[in-house]
Amino acid sequence: MTGRIQKALSGFYYVDVGDGAPLTCRARGKFRKTGVSPLVGDRVECTALGGSEGVIEAILPRRNAFERPAVANIDQLVIVASQAIPRTEPYLIDRMTSIAALKGCAVLVCVNKCDLAEGKELCDYYVRAGYPTLRVSAVTGEGLDELRGTIAGKLNAFTGNSGVGKSSILNALDPRFDLKVGEVSQALGRGRHTTRHVELYRLDGGAEIIDTPGFSSFDAETLSLELKERLPETFPDFAPYLGACRFVGCSHTKEKGCAVLRAVKDGEIVRGRHESYLRLYEELKDLKAWNT
Ligand SMILES: Nc1nc2c(ncn2[C@@H]2O[C@H](COP(=O)(O)OP(=O)(O)OP(=O)(O)O)[C@@H](O)[C@H]2O)c(=O)[nH]1
Ligand SMILES: [Mg+2]
Ligand SMILES: [Zn+2]
């Protein structure tokens with residue numbers, strides 16, 4: 001039978017097979033050998049073993065897959081951010097938006113805690129970069145109707161640094177979820193990694209949201225060789241300038257006659273976005289194909 005993975009926890013996968021309680025599955029050993037593990041959001045072929053147990057035999061073709069958060073078949077990645085503590089570093093968002101673009105996944109930037117900090121700077125930054133952007137508050141409910149509208153009918157995955165309020169937003173959308181939320185350490189300016197597993201929740205009205213553990217800056221998604229080759233095109237705000245550089249193969253880092261650098265200088269591209277580009281470019285520089 002086929003089903004979809006709703007939750008992954010301690011080596012078990014909870015597979016929704018359409019009727020009744022989910023099947024609690026292990027994955028066949030062959031997945032370890034191929035290095036491809038099942039992910040929440042995956043459609044899978046599984047066999048029931050009696051009771052509520054089963055085993056995952058195969059993963060059906062994916063639309064996309066992420067390492068962190070560990071999810072698959074995502075329609076929209078909702079990047080939850082905050083300008084109040086724990087403040088989100090735009091670089092981490094810019095890194096995710098580039099990776100999402102490469103995987104053909106839509107992005108929504110959701111600036112939470114706007115009851116504590118208006119979040120205007122972060123919002124302006126992403127509006128100017130061309131991303132759909134919302135200001136919300138899980139506490140006052142501001143912006144949640146707009147959020148409901150943009151997640152409807154889609155499989156959404158929440159991601160963002162620990163403590164920005166991903167689980168709180170889910171609780172605000174439907175208090176029945178009753179998810180655990182954690183205090184933010186004011187001293188360290190960080191969340192406490194309260195959510196420990198990946199799980200899919202269904203909202204009335206058809207939206208589906210996957211809650212995931214918050215990332216910290218040192219366990220971000222690994223960058224691919226493909227991103228190295230296609231980095232400029234993952235910045236939608238660079239698009240109007242990409243054909244206009246003096247040199248073919250311009251890296252948009254320091255060349256004379258670079259149209260992207262000119263647009264940054266003229267204030268048409270947000271400087272911080274180009275700084276993120278340079279940081280990604282540096283990170284990617286030494287990445288090589290395995291066989292070269
Ligand atoms: N004032 C205010 N506090 C919020 C808001 N959203 C979340 N919080 C608080 O922020 C803290 C962290 O919230 P969580 O929902 O646990 O954050 P998270 O992003 O799920 O964190 P991880 O699971 O660790 O990744 C809690 O103390 C929440 O009460 C908000 O909109 N306004
Ligand atoms: Mg959480
Ligand atoms: Zn250029």
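**Note on the predicted model: strands, domains and the ligand shell**

1. Strand E8 (residues 76-82) runs parallel to strand E9, and the two are joined by seven bridges. Within this pairing, Leu-77 is the residue that stands opposite Val-107 of E9. Strand E9 itself covers residues 106-112, and since six of its seven residues are buried, it is largely enclosed by the rest of the structure. As a general reminder for reading such a pair, the side chains of a regular strand alternate between the two faces of the sheet. The model is a predicted one, and the values quoted in this note should be read with that in mind.

2. On the overall fold, the chain comprises eight helices and 13 strands. Its radius of gyration is 20 Å, close to the 19 Å that the globule rule gives for 292 residues, so the chain is as compact as a globular protein of that length. The C-alpha trace spans about 70 × 50 × 35 Å along its principal axes, and buried residues account for 40% of the 292 residues. Of the contacts with a separation of 6 or more, 64% are between residues 24 or more positions apart.

3. The domain assignment divides the chain into domain 1 (2-59), domain 2 (65-219) and domain 3 (225-285). Between the C-alpha centres of domain 1 and domain 2 the distance is 26 Å, and the contact between these two domains draws on eight residues from domain 1 and 12 residues from domain 2. The side of domain 1 that touches domain 2 consists, by class, of four nonpolar, two polar and two charged residues.

4. Strand E4 deserves a separate look, since two pairings involve it. With strand E1 (residues 2-9), strand E4 (residues 43-50) pairs in the antiparallel sense over three bridges, and Glu-45 of E4 is the bridge partner of Thr-2. With strand E5 (residues 53-59), E4 is again antiparallel, here through six bridges, among them the one between Gly-50 and Glu-53 of E5. E4 and E5 form a hairpin with two residues between them, and Gly-51 in the turn has a positive phi of about 65°.

5. The surroundings of ligand 1 comprise 26 residues, of which Gly-165, Ser-168, Val-181, Thr-195 and Gly-214 come nearest. Helix H5 (residues 166-173) supplies the largest share of this shell, namely three residues. By class, the shell divides into seven nonpolar, 14 polar and five charged residues.

6. Two cis peptide bonds are worth inspecting in the model. The bond from Arg-68 to Pro-69 is cis, with omega near 0°, and Pro-69 lies in the loop between strand E6 (65-66) and strand E7 (71-72). Ile-85 and Pro-86 are likewise joined by a cis peptide bond, with omega about 0°, and Pro-86 is found in the loop between E8 and helix H2 (90-102).

7. Gly-189 connects with the second of these sites, for, leaving aside its neighbours within four places in sequence, Gly-189 is in contact with Ile-85, Pro-86 and Arg-87. Gly-189 is found in the loop between H5 and strand E12 (198-202), and it counts as exposed because 11 C-beta neighbours lie inside 10 Å, where a residue with 12 or fewer is taken as exposed. The C-alpha atoms of Gly-189 and Val-17, which are 172 residues apart along the chain, are separated by 42 Å.

8. Two residues other than glycine have a positive phi and may be checked together. Lys-113, with phi near 65°, has its place in the loop between E9 and H3, and it counts as buried, with 27 C-beta neighbours inside 10 Å. His-193, with phi near 55°, lies in the loop between H5 and E12, and it is partly exposed, with 14 other C-beta atoms within 10 Å.

9. Finally, Leu-122 lies in helix H3 (residues 120-128) and is buried, since 22 other C-beta atoms lie within 10 Å and the threshold for burial is 20 or more. Not counting residues up to four places away in sequence, Leu-122 touches Ala-81, Gln-83 and Val-111. Its C-alpha atom is separated by 17 Å from that of Lys-166, a residue 44 positions away along the chain.

Methods. Residues numbered from 1 in each chain as written. Chains lettered and ligands numbered in written order. Predicted model: local features only at pLDDT ≥ 70, side-chain atom pairs only at ≥ 80, totals over all residues. Near = placed C-beta within 6 Å. Helix = DSSP H or I, 4+ residues; strand = E, 2+ residues; numbered from the N terminus. Nonpolar A, V, L, I, M, F, W, Y, C, P; charged D, E, K, R; others polar. Domains from an automatic or database assignment. Contact = placed C-beta atoms within 7 Å. Pairing = 2+ DSSP bridges. Rg over C-alpha atoms; globule rule 2.2 N^0.38 Å.
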